Amino acid sequence: MQILKKSVRLRFEPEFVLELEPSPHHPLTTPRYHYITISRYHHMINHMTINEIQDEIIDEFSFFGDWMEKYEYIIDLGKQLPLIEEQYKDEEHLIKGCQSQVWLQADQNGDQVVFTADSDAVITKGIIALLIRVLSGHSANAIADADLYFINKIGLKEHLSPTRSNGLLSMVKQMKMYGLALQAK
Amino acid sequence: MIKVPIAVDMEKVRADFPLLNREMNGKPIVFLDSAASSQKPQAVIDQLDAYYKQQNANVHRGVYQLSQEATTAFEKGRELAKSFINAGSLKEVIFVRGTTEGINLVASSFGRKFLQAGDEVLISAMEHHSNIVPWQMICEERGAKLKVIPINEAGELLMDEFDQLLTEKVKIVAVTHVSNTLGTINPVKEIIDKAHQKGVPVLIDGAQAIPHMKVDVQELDADFYTFSGHKMFGPTGIGVLYGKEEWLEQMPPYHGGGEMIETVTFEKTTYNELPHKFEAGTPDISGVIALGTAIQYMQTIGHEAIQEHEHELLQYATEQLKQIEGIRIIGTAEQKASVVSFLAEGIHPYDLGTILDKLGIAVRTGHHCTQPLMDWYGIPGTVRASLAFYNNKEDIDKLIEGVKRAIKMLG
Ligand SMILES: Cc1ncc(COP(=O)(O)O)c(C=O)c1O
């Protein structure tokens, strides 16, 4: 019910209507304009909860036969388009790790927080893509309280250990800090 | 030159290191990170065990037999360290936590006594952070300046520049014997001789030299020489600072506390004599004793055998790596020991290291605590394979195969 109410607010922004593919999660019986608006909005805010997305990723990863397939997938994710706009790859957005570097940018969109990020190492970047898929587009509350169990479940825990020093752990902390800061507002 | 046949069977030596039997990520481990910390032979592990089971008591303070025994074993460790580096006297062998503490001790104590505003400390462009930061700290405190001997592309010190930098303002020179990132063996004897001509003392960071070559501090005429036990097959937490008596006598104590005092009143304390003046508090007793065992262990293998074996492996690894397309070796000095750093074109060291890890190959990636050096090369870091005498040709073959596979995945 709440979602519907919010969707009304967004319906009038034209780019939402134009860009979108119908979402399979919604019945086709819904009036078209309404339907598109809802699906776009859902896409924006993540129509799934943080935990639902985590479970979805865990499910996807369960199909990989061995570590090679898993890493090839992560490397692929990492090689895709830059996740952050070039202008944000500066000192201000840099999270320094000993091993690799990470850039993080947070935007507020209504009561959702939208993250973009990047790294100089492709494996780090691939994992960033997963973290963003899970955390971006949720409320500050949800981000601040998120328990990122999927990392452990898909066998990538080592990449978020403090000794790894690749910037990822600091990035997650930073994401949650944004959540906390916005929550406090 | 006639090649002396080496009597030591290195495969047997390898079997002395129990850790090398384990697996990493489900594969037999290929350990190529000995420059960070070496593995320990069974003899050292047994010694630690035996100490805590049979000998444990504080040293230098008990009248009872057990404490006497511990003290004797502890001081025997000092004798072994002395003969290992051919120090002139036991007073010149100070136990510290490791290289880092050895350098901090000298920087702080020598610096407080001898550094004035406007003076200079001369280090090199390839120093480990632990031979940079302590000097920066004391320079800041004393108003002195840090100067840096530059290097060439191969990773060799520019000795002409060194001559220019060695002015009367320089109060101490501190350089590494072997670079942990590049493997370069520096001409430390020449550096020491030149500095001494101007009356300037020299500290040598021996962390990466001691595990691989014979070091004779008197022959080098080094004023200070420091190294870590854990990189030379001994335990963590113990290291040695060698210092010439004439300097150590003049320098103020570093830490205050028990052991380092002669008499204490609230008005005035007089200090114990060398080496105890620099060993405040209960020392790492088991560490010293087991370090002695590591020294004995290295001596039974012999420096010649160690050097020959490692040289061969380094040569082999370098040649094999060069044959892989897109590999760039960082550090191509004439004189090198046991370290090969490299980059694969277009691939971040972290990514390469991660894939190698999955293949059971332990290498180090990153800046290796030599950030200024990486900045000089304009690279974020390297992948570093570092050797010890327990490595073999098979380890190198697995590394090469792993690098090829990683490049295929990442490239
Ligand atoms: C050249 C060099 N100097 C100093 C150190 C510091 O040694 P430690 O951490 O044992 O004090 C190291 C260790 O990495 C080194 O390689």
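Biologist: Is A:Gln99 buried, partly exposed or exposed, and at what relative accessibility?

Modeller: In this predicted model, A:Gln99 is found in the loop of chain A between strand S1 (94-96) and strand S2 (101-109). Burial requires a relative accessible area under 20%. A:Gln99 therefore counts as buried, with a relative accessibility of 18%.

Biologist: With which side chain does the side chain of A:Gln99 make a polar contact?

Modeller: Leaving aside residues up to four places away in sequence, A:Gln99 touches A:Arg164, A:Ser165 and A:Asn166, and also B:His348, B:Tyr350, B:Thr365 and B:Gly366. The polar contact made by the side chain of A:Gln99 spans 2.6 Å, and the partner is the side chain of B:Thr365.

Biologist: How is the rest of chain A built, and what part of its residues is buried?

Modeller: Chain A has 9 helices and 4 strands, which follow one another from the N terminus as α-α-α-α-α-β-β-β-α-β-α-α-α. Among the contacts in chain A with a separation of 6 or more, 62% join residues 24 or more positions apart. Chain A exposes about 10,100 Å², of which carbon and sulfur atoms supply 55%. Of the 185 residues in chain A, the buried ones make up 45%.

Biologist: Turning to the ligand, how many residues surround it, and of which classes are they?

Modeller: The shell includes B:Thr100, B:Asp205, B:Ser228, B:His230 and B:Lys231, which are the closest of the 13 residues that surround the ligand. By class, the shell consists of 1 nonpolar, 2 charged and 10 polar residues.

Biologist: Which side chains place a polar atom at 2.6 Å or 2.7 Å from an oxygen atom of the ligand, and what percentage of the ligand does the protein bury?

Modeller: A polar side-chain atom of B:Gln208 lies 2.7 Å from a ligand oxygen, while for B:Ser228 an N or O atom of the side chain is 2.6 Å from an oxygen atom of the ligand. B:Lys231 likewise has a polar side-chain atom 2.6 Å from an oxygen of the ligand. Taken alone the ligand exposes 400 Å², and the share of this area that the protein buries is 86%.

Biologist: How many disulfides does the structure hold, and how accessible are B:Cys139 and B:Cys369?

Modeller: A disulfide is a covalent bond between the sulfur atoms of two cysteines. B:Cys139 counts as buried because its relative accessibility is 4%, whereas B:Cys369, with a relative accessible area of 23%, is partly exposed. Over all chains, the number of disulfides is 0.

Biologist: Where is the cis peptide bond that involves B:Pro275, and what is its omega?

Modeller: Most residues other than glycine have a negative phi, and most peptide bonds are trans. B:Pro275 is found in the loop of chain B between strand S12 (269-271) and helix H10 (285-301). The cis bond runs from B:Leu274 to B:Pro275, with omega near -5°.

Biologist: What are the positive phi values of B:Asn86 and B:Phe233, and is each of these residues buried or partly exposed?

Modeller: B:Asn86, in the loop between helix H3 (65-85) and strand S4 (93-96) of chain B, has a phi near 55° and is partly exposed, with a relative accessible area of 31%. B:Phe233 lies in the loop between strand S9 (224-228) and strand S10 (239-243) of chain B. Although B:Phe233 is not a glycine, its phi is positive, at about 75°, and at 1% relative accessibility B:Phe233 counts as buried.

Note on methods. Residues numbered from 1 in each chain as written. Chains lettered and ligands numbered in written order. Predicted model: local features only at pLDDT ≥ 70, side-chain atom pairs only at ≥ 80, totals over all residues. Heavy atoms only, no water. Near = heavy atom within 4 Å. Polar contact = N/O pair within 3.5 Å; in protein donor to acceptor, adjacent residues only side chain to side chain. Areas by Shrake-Rupley, 256 points an atom, 1.4 Å probe, with all protein chains shown as cover. Nonpolar A, V, L, I, M, F, W, Y, C, P; charged D, E, K, R; others polar. Helix = DSSP H or I, 4+ residues; strand = E, 2+ residues; numbered from the N terminus. Buried < 20%, exposed > 50% of the residue type's maximum accessible area, 1.4 Å probe, protein only. Contact = heavy atoms within 4.5 Å. Disulfide = S-S within 2.5 Å.
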